[in-house]
Amino acid sequence: MFTGLIDDVGVVESVERTDAGRELRIRSRYTGLVDGESIAVNGACLTVRRASDGWFNVAAVVTTLGRTTIGEWEAGRRVNLERAMRLGDRLGGHLVQGHVDDVGVVEEIRRVEDAMLVDVRLPAELEPLMVAHGSVAVDGVSLTVNALPAPGILQVSLIEFTWRHTTLGELRPGQRVHVEADMVGKYVRQLVAPYAAAR
(Lines give C-alpha, C1' and ligand atoms only; values in the text may rest on other atoms or scores of the structure.)
Protein backbone atom coordinates (compact mmCIF):
# COMPACT_ATOMS: atom_id res chain seq x y z
CA MET A 1 0.00 0.00 0.00
CA PHE A 2 1.22 3.50 -0.84
CA THR A 3 0.18 7.11 -0.22
CA GLY A 4 0.91 8.69 -3.60
CA LEU A 5 3.51 11.01 -2.03
CA ILE A 6 6.60 10.60 -4.20
CA ASP A 7 9.82 10.36 -2.18
CA ASP A 8 12.31 10.06 -5.04
CA VAL A 9 12.57 10.44 -8.80
CA GLY A 10 14.71 7.67 -10.25
CA VAL A 11 16.23 7.06 -13.66
CA VAL A 12 15.90 3.85 -15.68
CA GLU A 13 19.49 2.75 -16.37
CA SER A 14 18.79 -0.35 -18.42
CA VAL A 15 15.93 -2.44 -19.79
CA GLU A 16 16.19 -6.07 -20.83
CA ARG A 17 14.01 -9.09 -21.41
CA THR A 18 14.61 -11.89 -18.88
CA ASP A 19 12.75 -14.97 -17.63
CA ALA A 20 11.13 -12.67 -15.03
CA GLY A 21 9.67 -10.37 -17.70
CA ARG A 22 10.81 -6.93 -18.78
CA GLU A 23 13.50 -6.17 -16.22
CA LEU A 24 14.49 -2.62 -15.29
CA ARG A 25 17.51 -1.39 -13.41
CA ILE A 26 16.64 1.93 -11.75
CA ARG A 27 19.05 4.41 -10.21
CA SER A 28 17.68 6.06 -7.06
CA ARG A 29 18.78 7.56 -3.76
CA TYR A 30 17.29 4.62 -1.81
CA THR A 31 19.46 2.66 0.61
CA GLY A 32 18.65 -0.47 2.55
CA LEU A 33 16.26 -1.99 0.03
CA VAL A 34 15.71 -5.72 0.43
CA ASP A 35 14.79 -8.39 -2.10
CA GLY A 36 11.02 -8.81 -2.27
CA GLU A 37 10.24 -5.25 -1.16
CA SER A 38 7.46 -3.42 -2.99
CA ILE A 39 8.13 -0.11 -4.73
CA ALA A 40 5.67 1.96 -6.76
CA VAL A 41 7.34 2.94 -10.02
CA ASN A 42 5.20 5.60 -11.73
CA GLY A 43 2.39 4.19 -9.64
CA ALA A 44 2.86 0.52 -10.62
CA CYS A 45 3.67 -1.71 -7.65
CA LEU A 46 6.75 -3.76 -8.57
CA THR A 47 8.88 -6.18 -6.55
CA VAL A 48 12.58 -5.58 -5.91
CA ARG A 49 14.58 -8.47 -7.36
CA ARG A 50 18.08 -7.21 -6.54
CA ALA A 51 19.30 -4.02 -4.94
CA SER A 52 22.26 -2.15 -3.56
CA ASP A 53 22.71 1.39 -2.36
CA GLY A 54 21.77 3.69 -5.23
CA TRP A 55 20.04 1.17 -7.52
CA PHE A 56 17.51 -1.66 -7.69
CA ASN A 57 16.08 -4.09 -10.25
CA VAL A 58 12.40 -4.81 -10.81
CA ALA A 59 10.55 -6.77 -13.47
CA ALA A 60 7.16 -6.26 -15.13
CA VAL A 61 5.27 -9.35 -16.29
CA VAL A 62 2.83 -9.59 -19.20
CA THR A 63 -0.20 -8.55 -17.12
CA THR A 64 1.54 -5.40 -15.89
CA LEU A 65 2.84 -4.55 -19.35
CA GLY A 66 -0.70 -4.84 -20.72
CA ARG A 67 -2.14 -2.12 -18.46
CA THR A 68 0.82 0.25 -18.11
CA THR A 69 3.32 2.11 -20.31
CA ILE A 70 6.28 0.15 -18.93
CA GLY A 71 6.68 -1.73 -22.20
CA GLU A 72 7.57 1.60 -23.85
CA TRP A 73 10.22 2.65 -21.33
CA GLU A 74 13.84 3.02 -22.35
CA ALA A 75 17.09 3.84 -20.56
CA GLY A 76 17.20 7.46 -19.42
CA ARG A 77 13.52 7.74 -18.52
CA ARG A 78 12.79 9.47 -15.20
CA VAL A 79 10.22 7.75 -12.99
CA ASN A 80 8.33 8.59 -9.80
CA LEU A 81 9.23 6.31 -6.89
CA GLU A 82 7.60 5.54 -3.56
CA ARG A 83 8.45 2.84 -1.05
CA ALA A 84 5.53 1.00 0.56
CA MET A 85 4.07 2.69 3.60
CA ARG A 86 4.52 1.27 7.10
CA LEU A 87 1.79 1.01 9.70
CA GLY A 88 2.01 4.20 11.71
CA ASP A 89 3.16 6.36 8.77
CA ARG A 90 1.32 9.60 8.10
CA LEU A 91 -1.18 9.22 5.28
CA GLY A 92 -0.58 12.56 3.61
CA GLY A 93 -1.96 11.56 0.21
CA HIS A 94 -4.62 8.86 -0.12
CA LEU A 95 -4.71 5.06 -0.11
CA VAL A 96 -2.96 3.98 -3.32
CA GLN A 97 -2.64 0.28 -4.10
CA GLY A 98 -0.10 0.54 -6.88
CA HIS A 99 -2.52 -1.30 -9.16
CA VAL A 100 -2.70 0.85 -12.28
CA ASP A 101 -6.24 0.68 -13.65
CA ASP A 102 -5.46 1.93 -17.14
CA VAL A 103 -3.59 4.50 -19.20
CA GLY A 104 -4.86 8.01 -19.89
CA VAL A 105 -3.61 10.56 -22.43
CA VAL A 106 -2.67 14.14 -21.59
CA GLU A 107 -4.85 16.45 -23.68
CA GLU A 108 -3.94 19.94 -22.48
CA ILE A 109 -1.67 21.70 -19.99
CA ARG A 110 -2.13 25.33 -19.05
CA ARG A 111 -1.13 27.68 -16.26
CA VAL A 112 -3.85 29.44 -14.30
CA GLU A 113 -2.35 31.83 -11.76
CA ASP A 114 -0.19 29.73 -9.42
CA ALA A 115 -1.31 26.28 -10.64
CA MET A 116 -0.90 24.12 -13.72
CA LEU A 117 -4.12 22.54 -14.95
CA VAL A 118 -3.69 19.20 -16.71
CA ASP A 119 -6.54 17.60 -18.67
CA VAL A 120 -6.28 13.83 -19.13
CA ARG A 121 -8.51 11.80 -21.44
CA LEU A 122 -9.63 8.65 -19.64
CA PRO A 123 -10.66 5.22 -20.88
CA ALA A 124 -14.46 4.87 -20.69
CA GLU A 125 -14.40 2.38 -17.80
CA LEU A 126 -12.60 4.83 -15.50
CA GLU A 127 -14.88 7.80 -16.06
CA PRO A 128 -17.61 6.67 -13.59
CA LEU A 129 -14.98 6.34 -10.83
CA MET A 130 -13.98 10.01 -10.95
CA VAL A 131 -15.59 12.37 -8.43
CA ALA A 132 -14.98 16.11 -8.36
CA HIS A 133 -12.64 16.90 -5.46
CA GLY A 134 -12.06 13.19 -4.93
CA SER A 135 -8.69 11.42 -5.17
CA VAL A 136 -6.82 9.96 -8.13
CA ALA A 137 -3.25 8.82 -8.73
CA VAL A 138 -1.54 9.90 -11.96
CA ASP A 139 1.85 8.26 -12.58
CA GLY A 140 1.80 7.37 -8.90
CA VAL A 141 1.20 10.91 -7.63
CA SER A 142 -1.73 11.47 -5.27
CA LEU A 143 -3.84 14.27 -6.75
CA THR A 144 -7.25 15.83 -6.26
CA VAL A 145 -9.78 15.71 -9.08
CA ASN A 146 -10.01 19.44 -9.80
CA ALA A 147 -12.88 19.13 -12.27
CA LEU A 148 -14.55 16.89 -14.84
CA PRO A 149 -14.84 19.54 -17.57
CA ALA A 150 -16.12 17.29 -20.38
CA PRO A 151 -17.16 13.67 -20.91
CA GLY A 152 -14.12 11.44 -20.53
CA ILE A 153 -11.86 14.25 -19.30
CA LEU A 154 -10.17 14.33 -15.89
CA GLN A 155 -8.65 17.64 -14.81
CA VAL A 156 -6.03 17.84 -12.07
CA SER A 157 -4.38 20.95 -10.67
CA LEU A 158 -0.65 20.75 -9.92
CA ILE A 159 0.90 22.97 -7.30
CA GLU A 160 4.44 24.23 -7.81
CA PHE A 161 5.91 21.72 -5.32
CA THR A 162 4.45 18.77 -7.22
CA TRP A 163 5.58 20.25 -10.52
CA ARG A 164 9.18 20.44 -9.28
CA HIS A 165 9.45 17.23 -7.24
CA THR A 166 7.85 14.66 -9.56
CA THR A 167 7.96 13.82 -13.25
CA LEU A 168 4.58 15.54 -13.74
CA GLY A 169 6.52 18.73 -14.46
CA GLU A 170 7.70 17.04 -17.67
CA LEU A 171 4.25 16.15 -19.00
CA ARG A 172 3.41 17.08 -22.59
CA PRO A 173 0.17 16.83 -24.61
CA GLY A 174 -0.18 13.36 -26.11
CA GLN A 175 1.81 11.71 -23.34
CA ARG A 176 0.38 8.50 -21.87
CA VAL A 177 0.09 8.33 -18.09
CA HIS A 178 -0.84 5.70 -15.52
CA VAL A 179 -4.17 6.27 -13.80
CA GLU A 180 -5.35 4.58 -10.60
CA ALA A 181 -8.85 5.45 -9.46
CA ASP A 182 -9.62 5.89 -5.78
CA MET A 183 -9.79 2.49 -4.09
CA VAL A 184 -12.88 3.42 -2.07
CA GLY A 185 -14.83 4.25 -5.22
CA LYS A 186 -13.92 0.93 -6.82
CA TYR A 187 -15.17 -1.04 -3.83
CA VAL A 188 -18.38 0.97 -3.62
CA ARG A 189 -19.09 0.39 -7.31
CA GLN A 190 -18.52 -3.35 -6.92
CA LEU A 191 -20.74 -3.59 -3.86
CA VAL A 192 -23.69 -1.69 -5.31
CA ALA A 193 -23.50 -3.20 -8.80
CA PRO A 194 -25.88 -6.14 -8.06
CA TYR A 195 -28.48 -3.78 -6.56
CA ALA A 196 -28.20 -1.30 -9.44
CA ALA A 197 -28.64 -4.13 -11.95
CA ALA A 198 -31.78 -5.36 -10.16
CA ARG A 199 -33.59 -2.03 -10.48
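Which backbone nitrogen does the side chain of Asn42 reach? I will come to that in a moment, but first I should say that what we have on the screen is a predicted model, and everything that follows should be heard with that in mind.

The answer to the opening question is the backbone nitrogen of Asn80, which the side chain of Asn42 reaches at 2.7 Å. Asn42 itself is placed in the loop between strand E3, residues 38-41, and strand E4, residues 44-52, and although it is a loop residue, it counts as buried, because its relative accessibility is 1% and the cut-off for buried is under 20%. If we set aside residues up to four places away in sequence, Asn42 touches Trp73, Arg77, Val79 and Asn80, and also Asp139, Gly140, Thr167 and His178.

Let me step back to the whole chain. The secondary structure consists of three helices and twelve strands. The radius of gyration is 17 Å, close to the 16 Å that the globule rule gives for 199 residues, and therefore the chain is as compact as a globular protein of that length. Its C-alpha trace spans about 50 × 45 × 35 Å along the principal axes. Of the 199 residues, 44% are buried, and when we take the contacts between residues at least 6 apart in sequence, 67% of them join residues at least 24 apart.

As for the surface, the accessible area of the chain comes to about 10,400 Å², and carbon and sulfur atoms account for 51% of it. There are 22 positive and 27 negative side chains, and the centres of these two sets lie 1 Å apart.

Now to strand E1, residues 8-18, where we find Val9. Leaving aside neighbours within four places in sequence, Val9 is in contact with Arg78, Val79, Asn80 and Leu81, and with His165, Thr166 and Thr167. You will recall that Val79, Asn80 and Thr167 were also named among the residues touched by Asn42. A separation to set beside these contacts is that of Val9 and Met183, which are 174 residues apart in sequence and 24 Å apart in space, C-alpha to C-alpha.

Is Asp119 buried or exposed? Asp119, which lies in strand E8, is buried, with a relative accessible area of 8%. Its side chain makes a polar contact of 3.5 Å with the side chain of Arg110, and a further polar contact, of 3.0 Å, joins the side chains of Asp119 and Gln155. Beyond four places in sequence, the residues that Asp119 touches include Val105, Val106, Glu107 and Glu108, as well as Pro149, Ile153 and Leu154.

Gln155 comes up again with Val145, a residue of strand E10, residues 141-150. Val145 counts as buried at 1% relative accessibility, and, outside its neighbours within four places, it is in contact with a run of residues including Met130, Val131, Ala132, His133, Gly134, Ser135 and Val136, and also with Leu154 and Gln155. Between Val145 and Thr18, by contrast, the C-alpha distance is 38 Å, with 127 residues separating them in sequence.

Two residues deserve a look for their backbone angles. Most residues other than glycine have a negative phi. Glu113, however, has a phi near 55°, a positive value in a residue that is not glycine, and its place is in the loop between strand E7, residues 102-112, and strand E8, residues 115-121. His133 likewise has a positive phi, of about 70°, without being a glycine, and it lies in the loop between E8 and strand E9, residues 135-138. Glu113 counts as exposed, since its relative accessibility is 72%, and His133, with a relative accessible area of 64%, is exposed as well.

Where does Asp35 lie? Asp35 is found in the loop between strand E2, residues 21-27, and E3, and at 56% relative accessibility it counts as exposed. Not counting residues up to four places away, Asp35 touches Val48, Arg49, Arg50 and Ala51. Its C-alpha atom is separated by 9.2 Å from that of Phe56, which is 21 residues away along the chain.

To close where we began, Asn42 is a buried residue in the loop between E3 and E4, and its side chain reaches the backbone nitrogen of Asn80.

Methods:
Residues are numbered from 1 along each chain as its sequence is written. This is a predicted model: local features need pLDDT of at least 70, side-chain atom pairs count only at pLDDT 80 or more; totals for chains, interfaces and linings use all residues. Side-chain values use heavy atoms; hydrogens and water are left out. Helices (H or I, at least four residues) and strands (E, at least two) are DSSP runs, numbered from the N terminus. The radius of gyration is taken over C-alpha atoms; the globule rule is 2.2 Å times the number of residues to the power 0.38. Buried means under 20% relative accessible area, exposed over 50%, partly exposed in between (1.4 Å probe, protein chains only). Contact means heavy atoms within 4.5 Å. Accessible areas come from the Shrake-Rupley method with a 1.4 Å probe; for residues, only the protein chains shown count as cover. Lys and Arg count as positive and Asp and Glu as negative; His and the chain ends are not counted. The place of a charge is taken as NZ of Lys, CZ of Arg, CG of Asp or CD of Glu. A polar contact is a pair of N or O atoms within 3.5 Å; within protein, one must be able to donate a hydrogen and the other to accept it, and residues adjacent in sequence count only if both atoms are side-chain atoms.
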